[in-house]
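Biologist: Could you take one spot where two helices pack together and walk me through it slowly? I'd like to know how they cross and what sits around them.

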Amino acid sequence: MWKKTISLMVISACMTGNVAAQGIVDVHCHNILPFYLEALEKHDAAMDEGFPLPAWDAGAHLKFMDEAGIGCSILTMPAPQPYFNDTEECQQTIRRYNEYCAKLKADYPGRFRFCASLPLPDVEAAVREAIYALDTLGADGVKLATNCRGQYLGDEELDPLMKVLDERHAVIIVHPHRPTPYPEKIITTTPLAMYEYPAETTRAVVNMLSRNVLVRYPNLKVVVPHGGSFLPLALPRMKSILPAMVAQGYMQPIDWEGNLSRLYFDLAGSPTIEVLRSLLTITSPDHILYGSDYPYQPAEVLTGNLRRLEKELSEDKELSAYTEMFLWENAERLFNLPSATHGKQTVACKEAEADSMLVRISEIEIYPEYLDEYLTFALNVGAASVRNEPGVIAIYPMIQQRDSCQVRILEIYASQEAYRHHITTEHFQTYKQGTLHMVKSLDLVDMKPMNPAAMPEIFLKMKRE
């Protein structure tokens, strides 16, 4: 199981190479088609979201992708929803859009995928379109608005649709739409994209959590846009208030772990390292995905944002290890994309990744009131990981003698790939989601073994003694 140490020069070249050459997967981008615009203009709705919709064509999108290093884009219909009290008209526009996207997917294999739009708020029509799009057109998921003319995600009337999507293990990409009803004067003062979109996204996801939608339909996977919007701030407050609301009969208990484990988060909106750190307080690194929001800003701006994100990730000692996961690996796994999407990685780099051992010390401070409960979680996940995962060499929790709330965990993985697999396992997800509220601070310190060749002897000696 132990392999020879490879040249540090090879590893360095792989780590510092141009990430864009790998074929990034963009899970948040839109195509704005002429017949969709015509439907909006017919009902004087082209400015419903408070700003004009940008132009789009496949050639310009592909040019942006090539220059940015994006191998595959997951297309979705933008806001607003083309529903104007006429279900048949909405169905026709939606069907035309979905069939156009299916043709794009066929014409540009590997470059364009799509999540189908649905003719909500008519739930029966949406069910029919979801079945057709997923079963016949080969859609890669569905896009759902935070609300369709006042019908919010999480509302009980959407349960029949959620059942159909759950049966198909569907991926749902959420996108904010104008809140309904809405404060017109406030929206005139502050553009939707600046504040209401994040608020609207948070509102819709909170609605889903409050009804345990993702626990009741456990095969769904939901992508939350724009770095999770306000969820990292909203969830601690919800958790603190919920017991009182349940005791008074105003709310039902929420399965936090079950719901959050099915949420994914895209990075559209020019995220910073601070946003990423905040997001990691409510999720794990394998649930974070890249998104550009093309074509809502000029291509050169979006490319610049991507290069800045790559640079900041490469310079961050904790987050740099997750760069490939954020930019393409997580999306490949979520959408079942072939790993050849980023097929420019060299054989030498792949061998380096396979042969390079990961040694880490997790420095964790626990809130005193949760210490015993946390230690139980840590011991359980350590034992399950070493027992069940061949690539996990050691997960060894320790506490400081002078301060028992200071926990240190020695982690040794046979390779980076072994670590990436580890954080997708059910026992790790149970640990991660179950202890988020217990952790006051976390610092992941990667170590470089001075003599990795000696490690087999160390473990053999421990076993003999």
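Modeller: Sure: helix 3 and helix 13 cross in a right-handed way, meaning the near helix is turned clockwise from the far one by less than a right angle. This is a predicted model, so local features need pLDDT of at least 70 and side-chain atom pairs 80 or more, while totals for chains, interfaces and linings use all residues. Residues are numbered from 1 along each chain, and side-chain values use heavy atoms, without hydrogens or water. Helices (DSSP runs of H or I, at least four residues) and strands (E, at least two) are numbered from the N terminus.

Helix 3 covers residues 58-68 and helix 13 residues 299-315; their axes (lines fitted to C-alpha atoms over the stretch in contact) come within 10 Å and cross at roughly 25 degrees. That makes the two helices roughly parallel (under 35 degrees). On the helix 3 side, Phe64, Glu67 and Ala68 meet Ala299, Leu302, Thr303, Leu306 and Arg307 of helix 13 (heavy atoms within 4.5 Å). Those contact residues divide into 5 nonpolar, 1 polar and 2 charged.

Now look at the loops leading into these helices. Of the structure's 10 aromatic pairs (ring centres within 6.5 Å), one joins phenylalanine 51 and tyrosine 296: the centres are 6.2 Å apart and the planes at 90 degrees, so the pair is edge-to-face (over 60 degrees). Phenylalanine 51 is in the loop between helix 2 and helix 3, and tyrosine 296 in the loop between strand 10 and helix 13, so the pair ties together parts 245 residues apart in sequence. Tyrosine 296 is partly exposed (20% to 50% relative accessible area), at 26%.

Methods: Axes are lines fitted to C-alpha atoms, for helices over the stretch in contact, and angles run from 0 to 180 degrees between N-to-C directions. Angles under 35 degrees count as roughly parallel, over 145 as roughly antiparallel, 65 to 115 as roughly perpendicular and the rest as oblique. Ala, Val, Leu, Ile, Met, Phe, Trp, Tyr, Cys and Pro count as nonpolar, Asp, Glu, Lys and Arg as charged, and the others, Gly among them, as polar. Rings of Phe, Tyr and Trp (its six-membered ring) pair if their centres lie within 6.5 Å; planes under 30 degrees apart count as stacked, over 60 as edge-to-face and the rest as tilted. Buried means under 20% relative accessible area, exposed over 50%, partly exposed in between (1.4 Å probe, protein chains only).
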